[in-house]
Amino acid sequence: MAKHERSLAGKVVVITGAAQGIGASTATALSRLGAKVVIGDLDQVLAEKTAAELGAEALPLDVTDTKGFTEFLDEVERRVGPIDVLINNAGIMPLAPLDEEDDAATRRLLEINLHAVIHGTREAVKRMRPRGTGHIVNIASMAGKAGFPGAATYCATKHAVVGLSESVHLELHGTGVLVSCVMPAVVRTELASGLGEAKFFKSVQPEDVAQAIVDALRRPKFDVFVPASLDVMGRITRLLPRRLGEGLLRALGGDKILSSATHSSARAEYESRAARSAPAAEKGADS
């Protein structure tokens with residue numbers, strides 16, 4: 001861990017899925033600190049609007065197009081310079097009991113939430129390791145540490161992102177390239193439309209996650225829980241026998257956080273947008 005805060009001024013930071021939500025808030029926070037931020041998003045119009053407000057750059061990006069993702073990173077380095085920080089933020093959270101989730105939704109979740117993070121991380125390592133410096137930030141979720149009814153595949157992808165991040169963190173030991181894994185509670189963005197609150201599982205704002213990411217870049221650390229109290233709660237429940245741990249989850253309402261919104265009309269617009277979020281993956285499936 002760094003003894004002193006690292007300056008982010010002048011650092012080239014790439015954020016996927018940053019036209020809105022956590023990504024946009026993080027872009028805002030980093031731009032204010034003097035970082036050279038590049039936003040990659042499927043919604044180019046919104047991405048350019050967000051970037052213009054920050055004095056950042058925006059480039060089109062479908063993270064499910066692996067060739068296009070690589071070319072996007074190449075273009076960033078041509079325009080702005082070597083990438084110092086890659087934040088794999090793009091993700092979706094369609095909700096449904098597993099037996100109601102169709103295969104197309106499963107495929108989108110795997111392509112966006114997992115395969116794209118693997119590809120982005122791999123590309124970042126290839127660019128950063130030879131220079132002996134860089135920082136990869138993977139946005140997971142508290143759902144990467146526990147299972148929640150109504151979002152089985154989503155939880156599976158986030159568990160995988162945590163495992164990926166832990167493994168790459170160990171692979172890069174001593175290289176100068178750092179990895180952070182961000183695990184927030186429910187974040188009040190469009191993705192959380194229709195979700196309620198639960199005891200001791202307080203939701204957070206995207207600005208809270210952005211600040212946690214900034215802190216982890218300034219003073220590098222691997223585990224980034226938002227809020228930090230999630231770490232303590234997780235440790236306690238993992239120490240309990242399974243029956244007691246699950247009973248505690250139910251008593252606190254944690255089992256209903258996602259499942260209660262699986263058929264919510266308040267999520268209709270988000271679910272529709274999420275269903276259109278992986279054009280390259282859908283094209284590949286049809287070919």
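Let's start in helix α2, which covers residues 44-54: both Lys-49 and Glu-53 sit there, 4 residues apart, or about one turn of the helix. Their side chains meet in a salt bridge, with 2.9 Å from N to O. Glu-53 is exposed, and its relative accessible area is 58%. Keep in mind as you look around that this is a predicted model.

A similar arrangement can be found in helix α4. Here Arg-107 forms a salt bridge with Asp-103, and the closest N and O atoms are 3.0 Å apart. Arg-107 and Asp-103 are separated by about one helical turn because they lie 4 residues apart in helix α4. As for their surroundings, Asp-103 is exposed, with a relative accessible area of 54%, while Arg-107 is partly exposed at 26%.

Now for a pair that reaches across the chain. Asp-74 and Arg-127 form a salt bridge whose closest N and O atoms are 2.9 Å apart. This pair links distant parts of the chain, since Asp-74 belongs to helix α3 (residues 66-79) and Arg-127 to helix α4 (residues 103-128), 53 residues apart. Is Arg-127 buried or exposed? With a relative accessible area of 13%, Arg-127 falls under the 20% cut-off, so Arg-127 counts as buried. Its partner Asp-74 is partly exposed, at 28%.

Salt bridges can also join up. Glu-57, Glu-75, Arg-78 and Arg-79 are linked in a network of them. In total, the structure holds 13 salt bridges. Side chains of opposite charge can pair when their charged atoms come close. Across the whole protein there are 34 positive and 35 negative charges, and the mean positions of the two sets are 7 Å apart.

Let's step back to the overall fold. The protein has 10 helices and 7 strands. Its radius of gyration is 18 Å, close to the 19 Å that the globule rule gives for 287 residues, so the protein is as compact as a globular protein of that length. Along the principal axes, the C-alpha trace spans about 50 × 50 × 35 Å.

What share of the 287 residues counts as buried? The figure is 51%. Turning to the contacts between residues at least 6 apart in sequence, 71% join residues at least 24 apart. On the outside, the protein exposes about 13400 Å², and carbon and sulfur atoms supply 54% of that area.

Notes:
Residues are numbered from 1 along each chain as its sequence is written. This is a predicted model: local features need pLDDT of at least 70, side-chain atom pairs count only at pLDDT 80 or more; totals for chains, interfaces and linings use all residues. Side-chain values use heavy atoms; hydrogens and water are left out. Helices (H or I, at least four residues) and strands (E, at least two) are DSSP runs, numbered from the N terminus. The radius of gyration is taken over C-alpha atoms; the globule rule is 2.2 Å times the number of residues to the power 0.38. Buried means under 20% relative accessible area, exposed over 50%, partly exposed in between (1.4 Å probe, protein chains only). Contact means heavy atoms within 4.5 Å. Accessible areas come from the Shrake-Rupley method with a 1.4 Å probe; for residues, only the protein chains shown count as cover. Lys and Arg count as positive and Asp and Glu as negative; His and the chain ends are not counted. The place of a charge is taken as NZ of Lys, CZ of Arg, CG of Asp or CD of Glu. A salt bridge is a side-chain nitrogen of Lys or Arg within 4 Å of a carboxyl oxygen of Asp or Glu.
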